[in-house]
Amino acid sequence: MSEEIIVAHQTDNISGTIQASGAKNSALKLMTASILGQGKSIIKNVPDISDIHVMSAVLTTIGAKVDRKDHELLIDTSTVDKWETPYNLVSKMRASISVLGPLVGRFGRARVAMPGGCQIGARKIDMHLIGMEQLGVEFTMDHGYLVATTPHGLHAGNIVLEFPSVGATENTMMCATVAPGHTTIDNAACEPEIHDLANFLCEMGAHIKGAGTSSIEIEGVPLSQMHPAEHSTVGDRIEGGTFLVGGALLGGPVTVTGVSPKHLHMPLVKLRQMGCDVDYDDTSITVGRTKPLVATDIQTLPYPGFPTDLQAQFMLLCALAKGNSIVTENVFENRFMFASELMRMGADIVIDDHHAIVHGESHLEGAPVKATDLRAGAALVLAGLEADGKTIIRNIHHIDRGYEDYVGNLRKLGAHVERETLSDEEISALE
Ligand code: UD1
């Protein structure tokens, strides 16, 4: 047995340009939406990451044919003839639950293994179910499987989500696409990935208005009117934002192309507040820094608020900034595992429920650390570039879930970082 790790060495600066990938969180849902198109859809700008491989396996299990050519997926869903997804795949990736809405839309039923909890909180799916119940779907549990049926067929509904959940908005929207009548989803999540998904559904024949705002209106169309389509995935604002944080951390300038600056509005505001130079036009964003970082307070909120998926990366900046920062996590109840790893490297952070009080001007030292989720993992690699000496990051499968060639891209910017394989003995020496 051996383990792949990332080794990050102290690096004076990183600078240059990175082209962001297509958004993982959009591509995954575009893939499941293709079930409603019942034919050969083409999805472009899809990142080559392990979450996408898992979703390809989910689609293959239900009978679809998925072919990848570079960053393009050809998905033939005309052959989909099953509506059950097994636990071994759903347990690998919670986002597998997003097959639920499209399967019910296509077959009037689904049997989907319940996703377990996950390290960043309980991550319930009650709002997905409440939303779809308003559309005529009935749910029962059967030995760890969620069984969805539509004994009286699908119909339109007026749904108000308790919280603007991304997954619940998407599942409900995909199901309502083929539910006869006029459905409204209020308090909907507004993330750019939801807008992207609605665009793809419309290209397939759906009638959806308002996606990207908190009020979505869907005029259900018959399933027979849905057809395959070709679509290019929106740029990954979180991947792009991660590299921009790298520029803020070490000085940059780092330029990211392929992400709309609008989609990173709040993180760019925070970078400016922290003393960074931020420039952008329609196609690129550049972040550099010539002055010391200054503390700021951050609270994560649904879009257009500050994204929880950039919280760890910014906590790293706060740990180095002059002054004390308060980071408040409002989206996931347990997303501060990164803080304990950063404290192992010398950061001074006090966690109080969903607040982290980050005392600045820490001196970071290289240490063996573990990625606790994909964003924490990406942030730990950046921390390793700042820290004295050498940082060994373990559990890097988390990073591979969401960042295509993260190490290669950082190296292009001049970072001293590499992937290595350690033997069992070398791993035990770290413990
Ligand atoms: C998606 C993103 C994830 C991002 C998150 C918030 C994907 C694959 N993942 O996750 O990267 O961090 O949005 O921007 O797109 N909740 C409930 N009941 C539900 C659904 C959600 O209580 O039925 C809670 C969750 O536990 C969490 C909060 O609502 O505390 C937000 O979750 P949600 O917006 O649904 O996130 P995901 O879609 O899982």
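Biologist: Let's start with Arg237: does it count as buried or exposed?
Modeller: Keep in mind that this is a predicted model. Arg237 lies in helix H8, residues 237-250. Its relative accessibility is 8%, and the cut-off for that class is under 20%, so Arg237 counts as buried.

Biologist: And how far apart are the C-alpha atoms of Arg237 and His263?
Modeller: Along the chain, Arg237 and His263 are 26 residues apart. In space, their C-alpha atoms are separated by 6.4 Å.

Biologist: Staying in H8, what about Thr242: buried or exposed?
Modeller: Thr242 has its place in helix H8, the helix that also holds Arg237. With a relative accessibility of 0%, which is under the 20% cut-off, Thr242 counts as buried.

Biologist: Which residue's side chain makes a polar contact with the side chain of Thr242?
Modeller: A polar atom of the Thr242 side chain lies 2.7 Å from the backbone oxygen of Ile238, but that is a backbone partner. For a side-chain partner, look at the contact of 2.8 Å, which Thr242 makes with Tyr403.

Biologist: Over to the ligand. Which residue has a polar side-chain atom 2.6 Å from a ligand nitrogen?
Modeller: There are 20 residues around the ligand, and those that come nearest are Asp126, Met127, Ser165, Asp309 and Val331. Met127 pairs with a ligand oxygen at 2.6 Å, but through a polar backbone atom. The residue that reaches a nitrogen atom of the ligand with its side chain is Asp126.

Biologist: What is the distance from Val331 to an oxygen atom of the ligand?
Modeller: Val331 is among the residues that come nearest to the ligand. A polar backbone atom of Val331 does the job here, and its distance to a ligand oxygen is 2.5 Å.

Biologist: How much of the ligand's accessible area does the protein cover?
Modeller: On its own, the ligand has 740 Å² of accessible area. Of that, the share covered by the protein is 87%.

Biologist: Which element gives the largest share of the shell around the ligand?
Modeller: Helices H1 (24-33), H5 (126-133) and H6 (166-176) are the elements that give two or more residues. By class, the shell divides into seven nonpolar, five polar and eight charged residues. The largest share is three residues, and it comes from H5.

Biologist: Now for empty space: what volume does the largest cavity have?
Modeller: Searching the whole structure turns up one cavity of 30 Å³ or more. Its space comes to about 60 Å³.

Biologist: Which helices give two or more residues to the lining of that largest cavity?
Modeller: The lining is made of Thr308, Gln311, Ala312, Arg335, Phe338, Asp373, Arg375 and Ala376. These divide into three nonpolar, two polar and three charged residues. Gln311 and Ala312 fall in the range 311-320, and Arg375 and Ala376 in 374-386. The helices are H10 and H12.

Biologist: Last one: which element gives the largest share of the lining of the second largest pocket?
Modeller: That pocket has a volume of about 220 Å³. It is lined by 14 residues, with Gln19, Ala20, Ser21, His71 and Glu404 nearest its centre, and the lining divides into four nonpolar, seven polar and three charged. Strand S2 (16-19) and helix H14 (406-412) each supply at least two residues. The largest share, three residues, comes from S2.

Conventions:
Residues numbered from 1 in each chain as written. Predicted model: local features only at pLDDT ≥ 70, side-chain atom pairs only at ≥ 80, totals over all residues. Heavy atoms only, no water. Near = heavy atom within 4 Å. Polar contact = N/O pair within 3.5 Å; in protein donor to acceptor, adjacent residues only side chain to side chain. Areas by Shrake-Rupley, 256 points an atom, 1.4 Å probe, with all protein chains shown as cover. Helix = DSSP H or I, 4+ residues; strand = E, 2+ residues; numbered from the N terminus. Nonpolar A, V, L, I, M, F, W, Y, C, P; charged D, E, K, R; others polar. 1 Å grid on protein atoms, 1.4 Å probe; cavity = no way out; pocket = protein on both sides within 12 Å on 5 of 7 lines; lining within 4 Å. Points joined across faces, edges and corners; volume = space filled by probe spheres on them. Buried < 20%, exposed > 50% of the residue type's maximum accessible area, 1.4 Å probe, protein only.
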